[in-house]
Amino acid sequence: MGETLKLPLIDLSSSDRISTSKLIRQACVESGFFYLINHGVEDELIKRVFDESKKFFSLPVEEKMKLERKGLTGYTPMYSETLDPTLKTGDLKESIYIGPLTGVDHVQNRWPSEEVLSLWRPTMESYYEKLISTAKRLITLIALALNLDENFFEDVGALRNPMGFIRLLHYPGEQIASNKEMYGASAHSDYGMVTLLATDGVRGLQICKEKDKHPQIWEDVPHVDKAFIVNIGDMMERWTNCLFRSTLHRVTLTTEERYSVALFLDPNDDCVVECLKSCCSENSPPSFLPIRSGDYLRTRFNLTYASEV
């Protein structure tokens, strides 16, 4: 394992929004990761989500494969995801994606039957709505952290029917006796604006703040009770011309089973992601060309799964 990392605690309930936004800016510049506390999502709801997640992943493989991923939603079995193309095998995890509940015609969620898991769909829909609301509140503080109006991302269309995806993940906790280099999730950065992650406390998550340094230094991200782990995604890095970091991270294998639930908040499909005027200059020109959010998301997804969405 690597060094243990100390990340700042960001209090979403704080009335001092300016001070909070300054703390967010510092965290996003230094590591791209922080903890979010007092976020307003009830402990009991989070517990139900993890309980239902365990029920789903304990189903027979043939039952889970009835929901196999089509497009951007559904079940992905073990080894189906390749985050690091230099590795010869996929990651040792399984997952299921849940996308926008309304307003996005090309996203069709795939739900277990009520006969199999009667509480699964209502639990996940409640959690989805809560997490989207929490993420939108956080985005207003990120706008302030960039010295923008708090409604900036709303005004440019990023949060009009945003492409938010919940992903439930299960790492089986097996040590593989082979010469292959394997991970629960190999080194990668996230695609969108921000990610909010809930974990069950089992270790494994690591980040590498300096991805271009060799050898790379990996630091453990410890679990903090009742906190979400938040990280900046690639689209926010593009918007800020690399001021805010979309940091490399991975999940190492342990002997313990591990469950986590992530919300990936991506902008509206038609939102154009381009360098903010405050983040570029004659001496620091934009590092990326403007791109439609939907085009970027599909390109990254296709590379990960070697399929068209």
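Where is Lys226 found? Select Lys226 in this predicted model and follow the chain on either side: Lys226 sits in the loop between β10 and β11, the latter being residues 228–232. Phi of Lys226 is near 70°, a positive value in a residue other than glycine. Lys226 has a relative accessible area of 54%, so this residue is exposed.

**The whole protein**

Now zoom out and show the protein as a cartoon. The secondary structure comes to seven helices and 15 strands. Taken along the principal axes, the C-alpha atoms fill a box of roughly 55 × 45 × 40 Å. The radius of gyration is 19 Å, which agrees with the value near 19 Å that a compact globule of 309 residues would have. Colour the residues by accessibility if the viewer allows this: buried residues make up 55% of the 309. Among contacts with a separation of 6 or more, 80% are accounted for by residues 24 or more positions apart.

**Helices α1 and α4**

Select residues 17–30, which form helix α1, and residues 120–145, which form helix α4. The axes of α1 and α4 come within 8 Å and cross at roughly 80°. Angles of 65 to 115 degrees count as roughly perpendicular, and α1 and α4 are therefore roughly perpendicular to each other. Show side chains where the helices meet. On the α1 side, the contact is made by Arg17, Thr20, Ser21, Ile24 and Arg25. On the α4 side, the contact is made by Leu138, Thr140, Leu141, Ile142, Leu144 and Ala145. By class, the contact of α1 with α4 has six nonpolar, three polar and two charged residues.

**The nonpolar core**

Keep α4 on screen. Which residues touch the most other members of the largest nonpolar core? Select Tyr127, Ile142, Leu168, Leu196 and Met236, which do so in a core of 89 residues. Helix α4 gives the most to this core, with 13 residues. In soluble globular proteins, nonpolar side chains tend to be buried together.

Next, centre the view on Met236. Leaving out residues up to four places away in sequence, Met236 touches Ile139, Ile142, Leu146, Phe153, Gly192, Met193 and Phe244. One of these, Ile142, also takes part in the contact between α1 and α4.

**Two buried residues**

Go to Ser293, in helix α7, which covers residues 293–305. Is Ser293 buried or exposed? The relative accessible area of Ser293 is 1%, so Ser293 is buried. Not counting residues up to four places away in sequence, Ser293 touches Met235, Pro267, Asn268, Asp269, Cys271 and Val273. Add Gly192 to the selection: Ser293 and Gly192 are 101 residues apart along the chain, and their C-alpha atoms are separated by 8.3 Å.

Leu92 is the next stop, in the loop between β4 (74–76) and β5. With a relative accessible area of 2%, Leu92 is buried. Select Tyr171 as well and draw a line between the two C-alpha atoms. The distance is 6.6 Å, although Leu92 and Tyr171 are 79 residues apart along the chain.

**Three more loops**

Move to Gln108, in the loop between β5 (94–98) and α4. At 55% relative accessibility, Gln108 counts as exposed. Add Ile98, which is ten residues from Gln108 along the chain; the C-alpha atoms of Gln108 and Ile98 are separated by 8.8 Å.

Then select Asn38, in the loop between β3 (33–37) and α2 (43–57). Asn38 has a positive phi of about 50° although this residue is not a glycine. How exposed is Asn38? The relative accessible area is 44%, which means that Asn38 is partly exposed.

The last stop is Pro215, in the loop between β9 (205–208) and β10 (219–220). Show the backbone atoms of His214 and Pro215. The peptide bond from His214 to Pro215 is cis, with omega near 0°. From Pro215, follow the chain through β10 to return to the loop that holds Lys226.

Terms used:
Residues numbered from 1 in each chain as written. Heavy atoms only, no water. Axes fitted to C-alpha atoms, helices over the stretch in contact; angles between N-to-C directions. Helix = DSSP H or I, 4+ residues; strand = E, 2+ residues; numbered from the N terminus. Parallel < 35°, antiparallel > 145°, perpendicular 65-115°, else oblique. Contact = heavy atoms within 4.5 Å. Nonpolar A, V, L, I, M, F, W, Y, C, P; charged D, E, K, R; others polar. Core = buried A, V, L, I, M, F, W, Y, C linked by side-chain atoms within 4.5 Å. Buried < 20%, exposed > 50% of the residue type's maximum accessible area, 1.4 Å probe, protein only. Rg over C-alpha atoms; globule rule 2.2 N^0.38 Å.
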